[in-house]
Amino acid sequence: MGVIPRRRLAAVALAAATALVVTAGCGGGDSAEDGPITLTVDVFGQFGYEQLYQEYMAAHPDVKIVERGTGGNLDEYSPKLTQWLAAGKGAGDIVAIEEGLLVEYKANPGNFVNLLDHGAADLKGNFLDWKWNAGLTADGKQLIGLGTDVGGMAMCYRKDLFAKAGLPTERDAVSKLWPTWPDYIRVGEQFAAKQTGASFVDAATNTFNTILLQTAGNTQGYSYYDTSDNLVVDSNPAVRQAWDTTMDIVDSGLAGKYLAWSEEWVSAFKQAKFATIACPAWMTGVIEGNAGPSAKGKWDIARVPGNGGNWGGSYLAVPKQSKHQARAIELAKFLTSAKGQIGAFKAKGPLPSSPQALDDPAIADATNAYFSDAPVGQIFAAGAKNLKPVYMGPKNQAVRTEVENAVRTVELGQRSPAQGWTDAVANAKKAAAK
Amino acid sequence: MTVQLDARPPVTPAPHRRRSPSVRLSRLDTRFSPYLYIAPFFLIFGVFGAYPLVYTFWVSLHDWDLLGSDHAFVGAENYTRLLADPDFWHAVVNTLGIFVISTVPQLLAALWLANLLNRRLRFRTGWRMAVLIPNVTSTAAVAIVFGVLFSREFGMVNWLLDVVGLDPVEWKSNRFASWVAISAMVDWRWTGYNALIFLAAMQAIPRDLYESAAIDGANRARQFWSITVPLLRPTIIFCVIISTIGGLQLFTEPRLFHSGTNPIRGGPLRESQTVTMYMFENAFAPHYNFGYGSAVAWLLFALIAVVAAVNVAIIRRLGGRTPGGRAAMGELP
């Protein structure tokens, strides 16, 4: 007797156990591990830390470092980071935060470890003042992130296409071609007249953003939001001026319509489909990655039209959810030290935000073989210490998205410049209210 | 030893010889174990289906910043704002548009394919397996490949158009063109799957119906429309409902069709932004407004229910010469 009932009981028990395991699986916790700990670093794009990790791990045999997100797009990275923070789970022990998004994360500082509680205050002198200050919350009591790089600004160009169009190819001569943006447009028109099969500019949106940040930095020091967090997209002359200049570029037929960071944009790099691209220091790594080894020596770097400017730059923060906060902070301090910043610059080009690093001969004398041995140290570092920062308001990213999409509709011929401007203002207001 | 498949307890010839606890256990077993057997589904559904549904509704009644710590209760405000939001309705039109131009040709093509596969063919099993192959590829891979095929300047589709002397099409920034491109992706993937479901149903139709029809002089087309299609009606309804649910939730294809900055918009003027993409845009980057995104999710739920009901009504009416639908067998000549 009993064979069948027992077997069925077993089946019932199995079914119940399965259900329990399945439901319990969602809440499973991590067990503390002995031995070496793993520190996860979440980044986007190219931070150039690989060599530094090796060094750090050699000096700290109990630490293993894993980097995630290398080469990825900021638009894909930032929602993931937000979800991890909202869920209280999933974020790395160190996370990179881009300056345009920093304000949003600073609005909820509880998600991050206060680095001031961990001796970071002593490091203030290691960063440019504005870079340090931007990492602080509004009340100045919490430091969210330590600065990594600043953008700086230059104009990268393809020498072979310039030669084809009969333009000078030597970088100083090219810099002299375009002291201002109208000069840049004039050169573009000469280039276009030669029918090289390539366009002059990659995408109007990149150039727009460059002009905006440059103009804002040289005037009020803010772009879409003023420093009291009022949306000023329609009243800030810097926005309007950047818009009008960009419209001139589009009107002259210079914009290549390659949507930034899209597959087409990458293909256009590979096939040499555009001649110039606005070039913060971190962009040099992107260009090298997209255009590939076969284009080595065909690119060079000239001065940006107008005067200086800054686009981008990031911070490293330690989320509260990290299980190894102290070790993570230690690593973040190492990566953002002058030495760490110099290492990153040499690897992938992001420009240091540490004045000591900027003064270091390793930066000042640096050249970049991919860009025809351009003296990148001089080109980027020279202006970096005098950079005037641009304030970014609370919904900067959402507003920027709307305005750049309006630029793109004009670039693609879907809207007239006047309609585009109306759209930009209306959609920016809508986005800011969401 | 035999395997007992019957769920009833074994018949016991001499109940008096049994010890009573065992009998009681056996009775409890009979009464409650079926519930335990089906419990896993309901537990999982509760955790992953019902709970999120209710929670999403709760979130939709709040001003809920994804990262914020206090979430103010705002009642139906998210819904009233959403109903007056032109971008939401734009996304609804996109979704319905893509749904119609993908589902209608897809189901017709599937029906036609199934009919072909139902004939005597060489390598019949091979052909039948072949139509399913697109379905086992990864959606993401398909979407990325199609995204490249339909690229404006470097895409193969525009190159082919150029070869035959046509102007290139702005596949990503022309609203209708982007709908067509995305529908092509959906159809490539799902036509074979639906064809196999239709084929299975076709094989259940008795052959003698076709024989009598042939004797009565009905040609193949007539047989198809008068025997096959009416008898497939329950299957067609099933496929339509499944396609409706899938079509209105379309996300991966249009999302990965676009690359570069803010692909979640589906083009600079939201040309192919579906409702799920709009939900994502609001709940996550760049707005992080979880309450508003949840309201979009609930309206999408309502929309799917309405469209599914309308579809079923249409299919019933189209397929049935008599109301009631189920009596298809009786309608045959």
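**View 1. The "ABC transmembrane type-1" stretch of chain B, residues 92–311, is rich in helix.** In this predicted model, residues 92–311 of chain B come out as 70% helix and 0% strand. The C-alpha atoms at the two ends of that stretch sit 17 Å apart. The domain label itself comes from UniProt, where the entry is unreviewed.

**View 2. Two of the annotated transmembrane spans in chain B, residues 129–150 and 231–251.** UniProt, again in an unreviewed entry, lists "transmembrane region" for residues 35–58, 88–117, 129–150, 231–251 and 295–315 of chain B. Take residues 129–150 of chain B first: 59% helix, 0% strand, and 28 Å between the end C-alpha atoms. Residues 231–251 of chain B are 81% helix and 0% strand, with the end C-alpha atoms 33 Å apart.

**View 3. Where chain B meets chain A.** Each partner puts residues into the contact: 38 from chain B and 38 from chain A. On the chain B side, the elements that supply two or more residues are helix 1 (20–60) and helix 5 (139–149). Helix 1 of chain B gives the most, with ten residues. By type, the side of chain B that touches chain A splits into 19 nonpolar, 15 polar and four charged residues.

**View 4. Chain A as a whole, with 19 helices and eleven strands.** Before zooming in, here's the overall frame. The C-alpha trace of chain A spans about 95 × 50 × 50 Å along its principal axes. Chain A has a radius of gyration of 25 Å, which agrees with the value near 22 Å that a compact globule of 434 residues would have. Buried residues account for 53% of the 434 residues in chain A. Look at contacts in chain A with a separation of 6 or more, and 76% of them come from residues 24 or more positions apart.

**View 5. The five-stranded open sheet of chain A, in the order 2-1-3-10-4.** Pairing in this sheet is mixed. Strand 2 (63–68) and strand 4 (145–147) of chain A each have a single partner strand, so they stand at the edges with one side left without a neighbour in the sheet. On average, neighbouring strands of this sheet are turned by 25 degrees against each other, direction ignored.

**View 6. Closing in on strand 4 and strand 10 of chain A.** Strand 4 of chain A runs antiparallel to strand 10 (residues 314–317) of chain A, and three bridges join the two. Within this pair, L146(A) stands opposite L316(A) of strand 10. Helix 4 (residues 99–106) of chain A lies across strand 3 (94–98), strand 4 and strand 10 of chain A. The angle between helix 4 and strand 3 of chain A is about 115 degrees.

**View 7. A four-stranded open sheet in chain A, ordered 7-8-6-9.** Here, too, the pairing is mixed. Which strands stand at the edges? They are strand 7 (199–201) and strand 9 (299–302) of chain A; each has a single partner strand, so one side of each is left without a neighbour in the sheet. From one strand to the next, the twist averages 20 degrees.

**View 8. Strand 6 against strand 8 in chain A.** Strand 6 (residues 154–158) and strand 8 (residues 274–279) of chain A pair in the antiparallel sense, over four bridges. Y157(A) stands opposite T276(A) of strand 8.

Technical notes:
Residues are numbered from 1 along each chain as its sequence is written. Chains are lettered from A and ligands numbered from 1 in the order in which they are written. This is a predicted model: local features need pLDDT of at least 70, side-chain atom pairs count only at pLDDT 80 or more; totals for chains, interfaces and linings use all residues. Two strands pair if DSSP finds at least two bridges between them. Axes are lines fitted to C-alpha atoms, for helices over the stretch in contact, and angles run from 0 to 180 degrees between N-to-C directions. Two residues are in contact if their C-beta atoms, placed from the backbone, lie within 7 Å. UniProt positions are given in the numbering used here, feature names are shortened, and annotations may be inferred rather than shown by experiment. Ala, Val, Leu, Ile, Met, Phe, Trp, Tyr, Cys and Pro count as nonpolar, Asp, Glu, Lys and Arg as charged, and the others, Gly among them, as polar. The radius of gyration is taken over C-alpha atoms; the globule rule is 2.2 Å times the number of residues to the power 0.38. A residue is buried if 20 or more other C-beta atoms lie within 10 Å of its own, exposed if 12 or fewer, and partly exposed in between; C-beta atoms are placed from the backbone.
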